[in-house]
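Here is a short set of exercises to work through with a structure open in your viewer. Try each task yourself before you read the solution beneath it.

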Amino acid sequence: MTTNDLVIKNGKIITARETLEADLAVQNGKIHCVGNNLSGHQMIDATGLYVLPGAVDPHVHLQMPAGETTSSDNWATGTTAAAFGGTTTVIDFIEPTEGQSLMNAFRERKAQADPQAVIDYALHMTLSSIIPERMAELPAVIQAGMTSFKAYTTYDGLKLSDQDFLEMFRQVSRIGGLVMIHAENDAICSFATRELLAQGQYGPNAHPISRPAVAESEAIERVLAMASLTQTPVYIVHISTALGAAALARAQARGQCAFGETCPQYLLLTDQEYSKPDFEGAKFVCAPPLRKKSDNTFLWNALSDNTIQTIGTDHCPFFFQGQKDLGKDRFTRIPGGIPGVEPRLALVYTYGVKTGRLTLNQWVDRCCTKPAELFGLYPRKGTLIPGADADVVLFDPELEYTLTHEMLHEHVDYTPYEGFPLKGYPVMTLLRGEMLVSKGQLHARPGQGHFLKCDLPRFERRV
Ligand code: DUC
Ligand code: ZN
């Protein structure tokens, strides 16, 4: 019998389906087995710790061009921050430029990520032009490992018309892919923005009014209606409102194959943040905007009752000094996006599990397993079953911190969660059996992360 490379002993193993006190053995970078009294060349004592699958963040924007600036975490800093927070896979986006072929854009994005990434990564393909030449590339894109396609209902240069949505849904459906949608009604947002500017409202506190809740729910209802016609599986990204989550729940009740994501900012923060003095509200400008306490509560419930399947971060950081201040005179020029890739697991544990809103297994499911399943990475990622990559997080449920920007590794000058008390924090992160982070020390190397080809997702395609 061969001796295991590594055994994590005496921990409490938490997966999406079960909780058990056992040892976890790693061999050749894969989970070998779960059992008792296992031994290995290297042993890690996890007494008192939770042992989880490495978390999967299905929604990040590293080095993302945004008008005249770029999101401030590059692939090295962003994936390092993710590793410190217990995330071992991120899924970012390819955004082809106007006229660019999808496959060229893929090659460029991969060439940018490969030398830098310290954790594994996959990519979603953004579709902003539904011309036959682009659609003809879809099989090659799937072959290359991108099986999810992102489409926008808003933003000039990205948004699709309803006609385009229908055509794109038809094409993606035929090849078995999943469509992710940023859903905000563009006309409502433009109309509200114009009115605010005409009234001389230029500050960050106008931002949430410029993108009201009905803009989200209308767009969700509409794309769901169109997707049902073509029987296309859809995933609504960053759901921020009770109205939007309720629209998704109604479609699911009708039998539609539709999934949802929310983010810690929509669970934990509110639009009160935009009224902070000294332009501090700009730190919270993201689209969709932060909402009301009642929306937070509704979204926690939607996670608990499985209306919403995943918690991503939409990590898209911009420095307060030097980037957010591009919009000093006009909120519409504030680069949209906030950081969050690092504290996701800890925030959801403290404010989801410790409060009784989610079970331990739901915590793992929403942050690790479901993102892997929906995007064709399961069972390689998101689980601890034998044969899975040995991406493992040791999480100390007793560690107490007050979250500050200084303790994080995100390349940005603030955290939206400054001062949040935390109970529980990751203390070790392994990627394919190799130590990335241990007791606050980084052992990872840029380029250690692999590009992951996603399989076509498998779920029932009901209307
Ligand atoms: N919203 C943001 O605020 N930033 C990145 C992309 C998005 O959809
Ligand atoms: Zn996003």
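**Exercise 1: A pocket and its lining**

By class, the lining of the second largest pocket comprises nine nonpolar, seven polar and five charged residues. Keep in mind as you go that the model is predicted.

Task: find which residues lie nearest the centre of the second largest pocket, and which helix gives the most to its lining.

Solution.
- Step 1. Start with the space itself: the second largest pocket has a volume of about 410 Å³.
- Step 2. Turn to the wall. The lining is made up of 21 residues, and Phe259, Leu374, Arg458, Phe459 and Glu460 are those nearest the centre.
- Step 3. Look for secondary structure elements. Strand 14 (258-262) and helix 13 (360-374) each bring at least two residues to the lining.
- Step 4. Settle the second part: helix 13 gives the most, with three residues.

**Exercise 2: The zinc site**

Task: list the protein donors of the zinc ion (ligand 2) and work out which parts of the chain the pair His61 and Asp314 ties together.

Solution.
- Step 1. Collect the donor atoms. The zinc ion (ligand 2) has His59 (NE2), His61 (NE2) and Asp314 (OD) as its protein donors, at 2.0 to 2.1 Å.
- Step 2. Write their spacing along the chain, which is H-x1-H-x252-D.
- Step 3. Place the pair. His61 sits in the loop between strand 6 (55-57) and strand 7 (65-66), while Asp314 sits in the loop between strand 15 (310-311) and helix 12 (344-353), so the two tie together parts that are 253 residues apart in sequence.
- Step 4. Check their exposure: both His61 and Asp314 are buried.

**Exercise 3: The parallel sheet**

Task: give the strand order of the open sheet of eight strands, then follow the chain from strand 9 to strand 10.

Solution.
- Step 1. Read off the order, 6-9-10-11-12-13-14-15, with parallel pairing.
- Step 2. Identify the edges. Strand 6 and strand 15 each pair on one side only, which makes them the edge strands.
- Step 3. Begin at the strand 6 end. Strand 6 pairs with strand 9 over three parallel bridges, and Asp57 has Val90 in strand 9 as its bridge partner.
- Step 4. Consider strand 9 (residues 87-94) itself: eight of its eight residues are buried.
- Step 5. Move on to strand 10 (residues 120-126), which runs parallel to strand 9 and is joined to it by six bridges. Here Ile94 stands opposite Met125. The chain gets from strand 9 to strand 10 through helix 2 (residues 102-113), and this β-α-β crossover is right-handed.
- Step 6. Look further along the sheet. Strand 13 (residues 234-236) and strand 14 run parallel and share three bridges, with Ile236 opposite Gly260.

**Exercise 4: The two partners of strand 5**

Task: decide whether strand 5 pairs in the parallel or antiparallel sense with strand 1, and do likewise for strand 16.

Solution.
- Step 1. Recall that strands of a sheet pair through backbone hydrogen bonds, in either a parallel or an antiparallel sense.
- Step 2. Take strand 1 (residues 4-14). Its two bridges to strand 5 (residues 50-53) are in the parallel sense, and Lys12 faces Tyr50 across the pair.
- Step 3. Take strand 16 (residues 392-402). Four bridges connect it to strand 5 in the antiparallel sense, and Val51 has Leu394 as its partner there.

**Exercise 5: Backbone details**

Task: locate the cis peptide bonds before Pro288 and Pro379, then ask of Asn37 and Arg432, each with a positive phi, whether the residue is buried or exposed.

Solution.
- Step 1. Set the expectation: most residues other than glycine have a negative phi, and most peptide bonds are trans.
- Step 2. Go to the bond from Ala287 to Pro288, which is cis with omega near -5°. Pro288 belongs to the loop between helix 10 (264-268) and helix 11 (293-304).
- Step 3. Go to Tyr378 and Pro379, joined by a cis bond with omega about 5°. Pro379 is in the loop between helix 13 and strand 16.
- Step 4. Examine Asn37, whose phi is near 55°. Asn37 lies in the loop between strand 3 (30-35) and strand 4 (40-45). Its relative accessibility is 72%, and the cut-off for exposed is over 50%, so Asn37 counts as exposed.
- Step 5. Examine Arg432, with phi near 45°, in the loop between strand 17 (421-431) and strand 18 (434-438). Its relative accessible area is 17%, so Arg432 is buried.

Terms used: Residues are numbered from 1 along each chain as its sequence is written. Chains are lettered from A and ligands numbered from 1 in the order in which they are written. This is a predicted model: local features need pLDDT of at least 70, side-chain atom pairs count only at pLDDT 80 or more; totals for chains, interfaces and linings use all residues. Side-chain values use heavy atoms; hydrogens and water are left out. Donors are N, O and S atoms within 2.8 Å of the metal (3.2 Å for Na, K and Ca); water is not among the atoms, so sites may look incomplete. Buried means under 20% relative accessible area, exposed over 50%, partly exposed in between (1.4 Å probe, protein chains only). On a 1 Å grid over the protein atoms alone, a cavity is a set of points where a 1.4 Å probe fits but cannot get out, and a pocket is an open set with protein on both sides within 12 Å along at least five of seven lines; lining residues have an atom within 4 Å of a point. Grid points are joined across faces, edges and corners, and a volume is the space filled by probe spheres set on the points. Ala, Val, Leu, Ile, Met, Phe, Trp, Tyr, Cys and Pro count as nonpolar, Asp, Glu, Lys and Arg as charged, and the others, Gly among them, as polar. Two strands pair if DSSP finds at least two bridges between them. A crossover is right-handed if, with the strands pointing away from the viewer, the path from the first strand over the helix to the second runs clockwise.
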